[in-house]
Amino acid sequence: MTDDPAGYRRVTSFDVARLAGVSRAAVSRAFTADASISQKTRAKVEEAAERLGYRVNYLARSLNGNRSDLVGVVAAAFDNPFRAMQIEALSHELLKRNFRPILLPTTRASDVSEVIEQVLNYAVSGVLVTSDAPSSSLCQDCARQQVPIVLINKGDAIPFVDRVVSDDAEAGKIAFERLVGRGARRLVMIAGTEVSFSARQRSEAFLRLASERGISASLIEVAVNNYSAGFSAAQKLADVDPDGLFCANDYLACGVLDRLKVDPALAALRGIPVIGHDNIPQASWDAYALTTIAQPCDVQAEQAIDLLTSRIAEPTLDTRTIVTPVRLHERNSG
């Protein structure tokens with residue numbers, strides 16, 4: 001036998017209310033942040049819930065109300081270590097502010113708008129997008145429903161949608177100045193500018209400065225900004241014989257550095273200055289010791305959720321963009 005009045009079935013808020021001698025509404029308030037409830041009643045509810053092993057069903061609560069504490073996080077490219085850093089920072093910041101993240105994985109070929117439409121069925125309080133930007137029409141629908149969308153490192157200017165973007169123009173400038181300062185005069189940028197707003201912005205700034213200063217610089221375009229693309233693109237370096245290289249992200253740069261180490265045809269290029277972007281954990285490994293430009297994921301997470309919470313409070317705010325500062329981390333590669 002058991003003193004649990006619910007027996008072996010799932011414990012509900014009704015069971016907690018009966019054992020605590022309070023109303024079901026009081027149980028709900030006891031597990032709602034900032035709800036109006038006396039300390040004595042809260043203590044009775046918590047004691048009963050602990051005795052019964054009761055857990056709040058937050059998903060059911062969201063489906064029964066107009067809004068929940070759930071926030072959708074749309075992301076792709078999970079093979080990139082930077083994405084893991086970004087998702088971790090966003091998740092921790094959401095939890096710290098009493099939101100609960102729902103991860104919405106996508107691929108580059110998938111329809112981000114379709115994924116967001118699905119998560120709207122859960123009465124989410126907002127959506128953070130690190131993958132391809134959703135359609136303008138969906139964003140307008142979300143605005144009408146007062147569901148904020150915040151884009152992170154996306155270039156699309158969409159009404160009612162706020163953005164947090166890394167200072168990619170400054171990153172391009174930092175990389176250029178660093179390489180030229182080390183005596184480089186034949187520069188190469190490796191980037192997938194067609195698939196990434198950030199890569200495009202960094203490349204444009206880097207190449208524009210080179211043109212303005214009369215420094216030779218060329219772009220090696222890749223289809224995807226990942227390790228394999230960097231490893232393959234390194235083969236093309238023999239044709240241009242650079243003395244300084246800037247990769248749109250660290251993931252690309254690691255692929256390039258590994259190819260330089262193992263390809264005899266590229267032996268002459270071993271040791272040229274190489275700069276990456278993102279400061280992923282692998283950048284500090286002795287195998288790479290990669291000089292890189294960091295965009296702080298924790299700061300971007302705070303900024304994104306600041307925008308989200310302020311738009312929840314005031315849905316008619318003007319569209320806003322916050323630019324996150326970057327800084328150079330010096331290591332042996334560049």
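## Close-ups of salt bridges and sheets

**View A. Four charged residues hang together.** Glu93, Lys96, Arg97 and Asp306 join up in a network of salt bridges. This is a predicted model, and a search through the whole of the structure turns up 14 salt bridges. Here, look for the side chains of Arg97 and Asp306, which meet with 2.7 Å from N to O. Arg97 sits in the loop between helix 5 (81-96) and strand 2, while Asp306 belongs to helix 13 (residues 297-313), so this salt bridge ties together parts that are 209 residues apart in sequence. Arg97 is partly exposed, at 25% relative accessible area. Asp306 is partly exposed too, at 40%.

**View B. Arg100 reaches Asp69.** The two side chains form a salt bridge, with 2.5 Å from N to O. The pair links distant parts of the chain: Arg100 is in strand 2 (residues 100-105), and Asp69 is in the loop between helix 4 (58-63) and strand 1 (70-75), 31 residues apart. Is each partner buried or exposed? Arg100 comes out as partly exposed, with 29% relative accessible area. Asp69 has 18% relative accessibility, and buried means under 20%, so Asp69 counts as buried.

**View C. A salt bridge inside one helix.** Now turn to helix 1 (residues 13-20), which holds both Asp15 and Arg18. They are three residues apart, about one turn of the helix. Their side chains meet in a salt bridge of 3.0 Å, N to O. Asp15 is buried, with just 1% relative accessibility.

**View D. An open sheet with parallel pairing.** Count across this one and you'll find six strands, in the order 2-1-3-4-5-11, with parallel pairing. Strand 2 and strand 11 (321-324) are at the edges; each has a single partner strand, so one side of each has no neighbour in the sheet. On average, neighbouring strands of this sheet are turned by 20 degrees against each other, ignoring direction. Strand 2 is also the home of Arg100 from View B. At the other edge, strand 5 (residues 162-166) runs parallel to strand 11, and four bridges join the two. To spot one of these pairings, find Val165 and look across to Val323, its bridge partner in strand 11.

**View E. An open sheet with mixed pairing.** Six strands line up here in the order 7-6-8-9-10-12. What kind of pairing do they show? The pairing is mixed. As background, strands of a sheet pair through backbone hydrogen bonds, either parallel or antiparallel. The edge strands are strand 7 (216-221) and strand 12 (327-329), each pairing on one side only. From one strand to the next, the twist averages 20 degrees. For an antiparallel pair, go to strand 10 (residues 291-294) and strand 12, which are joined by three bridges. Thr292 stands opposite His329 of strand 12.

**View F. Two helices lie across the mixed sheet.** Helix 8 (residues 168-181) lies across strand 6 (186-191), strand 8 (244-247), strand 9 (274-277), strand 10 and strand 12. Helix 8 runs at about 160 degrees to strand 8. Helix 9 (residues 197-213) lies across strand 6, strand 7, strand 8 and strand 9. Check helix 9 against strand 6 and you'll see an angle of about 170 degrees.

Conventions: Residues are numbered from 1 along each chain as its sequence is written. This is a predicted model: local features need pLDDT of at least 70, side-chain atom pairs count only at pLDDT 80 or more; totals for chains, interfaces and linings use all residues. Side-chain values use heavy atoms; hydrogens and water are left out. Buried means under 20% relative accessible area, exposed over 50%, partly exposed in between (1.4 Å probe, protein chains only). Two strands pair if DSSP finds at least two bridges between them. Axes are lines fitted to C-alpha atoms, for helices over the stretch in contact, and angles run from 0 to 180 degrees between N-to-C directions. Contact means heavy atoms within 4.5 Å.
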